[in-house]
Amino acid sequence: MSIPFSNTHYRIPQGFGNLLEGLTCEILREQPDNIPSFAAAYFENLLEKREKTNFDPAEWGTKVDDHFYNNHAFKEQEPPEKEKSQTPVKEETPVTASESSEEDKEKEKNAAVKIQAIFRGHLAREEVKKMKQDDLEGKTKENN
């Protein structure tokens with residue numbers, strides 16, 4: 001027997017929300033016919049990538065969320081031996097060409113994915129428009 005208004009609160013495991021968000025984005029982007037099999041293939045692919053690259057998107061998402069919600073914990077604190085009268089000197093690390101090109105490649109990859117998704121959506125809308133038009137023409141012929 002279930003209790004309709006129980007005050008039981010379930011905690012979502014860290015990283016689980018990020019995994020589901022990624023799956024949701026891919027489902028919306030690809031528009032698969034069989035969502036459960038698509039989800040299984042998606043998670044299988046994700047596991048293979050994680051094993052090859054040692055990059056876990058769930059762990060990364062957890063760190064990003066933690067950084068967002070606990071931002072005060074990540075602020076740098078001045079060591080106690082520094083005096084307040086001294087002006088802070090920022091040490092800048094020079095950005096090498098390989099680092100900036102990696103960032104550019106990632107931005108280009110994300111832009112390409114967005115463009116492809118938009119184009120697929122356009123093609124799908126055109127196809128639906130054509131199907132509706134064909135249905136209308138078929139109904140008008142039947143009525144005549």
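Here is a quick briefing on the fold, the largest pocket and a few residues worth finding in the viewer. Keep in mind that this is a predicted model. The protein chain has five helices and zero strands, and buried residues make up 6% of its 144 residues. The largest pocket holds about 1100 Å³ of space, and helix 1 gives the largest share of its lining.

**Overall layout**

- Reading from the N terminus, the elements of the protein chain go α-α-α-α-α.
- Helix 1 covers 16–30, helix 2 covers 35–53, helix 3 covers 57–69 and helix 5 covers 97–143.
- If you count the contacts in the protein chain with a separation of 6 or more, 47% of them join residues 24 or more positions apart.
- The protein chain exposes about 14000 Å², and 55% of that comes from carbon and sulfur atoms.

**The largest pocket**

- Rolling a probe the size of a water molecule over the atoms is a way to show where empty space is left.
- The largest pocket comes out at about 1100 Å³, and 28 residues line it.
- Want to get your bearings inside? The closest residues to the centre of the largest pocket are Gly 22, Glu 26, Arg 29, Tyr 42 and Leu 46.
- Helix 1, helix 2, helix 3 and helix 5 each put at least two residues into the lining.
- Helix 1 supplies eight lining residues, the largest share.
- By chemistry, the lining of the largest pocket splits into 11 charged, 10 nonpolar and seven polar residues.

**Two residues to find on helix 1**

- Gly 22 belongs to helix 1 and is among the residues closest to the centre of the largest pocket.
- Gly 22 has a relative accessible area of 21%, so it counts as partly exposed rather than buried, a label kept for values under 20%.
- Look across from Gly 22 to Ala 58: the two are 36 residues apart along the chain, and their C-alpha atoms are separated by 9.7 Å.
- Thr 24 also has its place in helix 1.
- With a relative accessible area of 40%, Thr 24 is partly exposed.
- Thr 24 and Ala 39 are 15 residues apart along the chain, with 9.2 Å between their C-alpha atoms.

**The aromatic pair**

- A pair of aromatic rings is described by two things, the distance of the centres and the angle of the planes.
- The structure holds one aromatic pair, made by Tyr 42 and Phe 43.
- The rings of Tyr 42 and Phe 43 sit 5.3 Å apart, centre to centre, with 70° between the planes, which makes the pair edge-to-face.
- Phe 43 is partly exposed, at 30% relative accessibility.
- Tyr 42 has a second claim on your attention, as one of the residues closest to the centre of the largest pocket.

**Positive phi in the loops**

- Most residues other than glycine have a negative phi.
- Gln 31 goes the other way, with a positive phi of about 55° although it is not a glycine.
- You'll find Gln 31 in the loop between helix 1 and helix 2.
- Gln 31 has 53% relative accessibility, and it counts as exposed because the cut-off is over 50%.
- Asn 54 is not a glycine either, and has a positive phi of about 55°.
- Asn 54 lies in the loop between helix 2 and helix 3.
- Asn 54 also counts as exposed, at 71% relative accessibility.

Conventions: Residues are numbered from 1 along each chain as its sequence is written. This is a predicted model: local features need pLDDT of at least 70, side-chain atom pairs count only at pLDDT 80 or more; totals for chains, interfaces and linings use all residues. Side-chain values use heavy atoms; hydrogens and water are left out. On a 1 Å grid over the protein atoms alone, a cavity is a set of points where a 1.4 Å probe fits but cannot get out, and a pocket is an open set with protein on both sides within 12 Å along at least five of seven lines; lining residues have an atom within 4 Å of a point. Grid points are joined across faces, edges and corners, and a volume is the space filled by probe spheres set on the points. Helices (H or I, at least four residues) and strands (E, at least two) are DSSP runs, numbered from the N terminus. Ala, Val, Leu, Ile, Met, Phe, Trp, Tyr, Cys and Pro count as nonpolar, Asp, Glu, Lys and Arg as charged, and the others, Gly among them, as polar. Buried means under 20% relative accessible area, exposed over 50%, partly exposed in between (1.4 Å probe, protein chains only). Contact means heavy atoms within 4.5 Å. Accessible areas come from the Shrake-Rupley method with a 1.4 Å probe; for residues, only the protein chains shown count as cover. Rings of Phe, Tyr and Trp (its six-membered ring) pair if their centres lie within 6.5 Å; planes under 30 degrees apart count as stacked, over 60 as edge-to-face and the rest as tilted.
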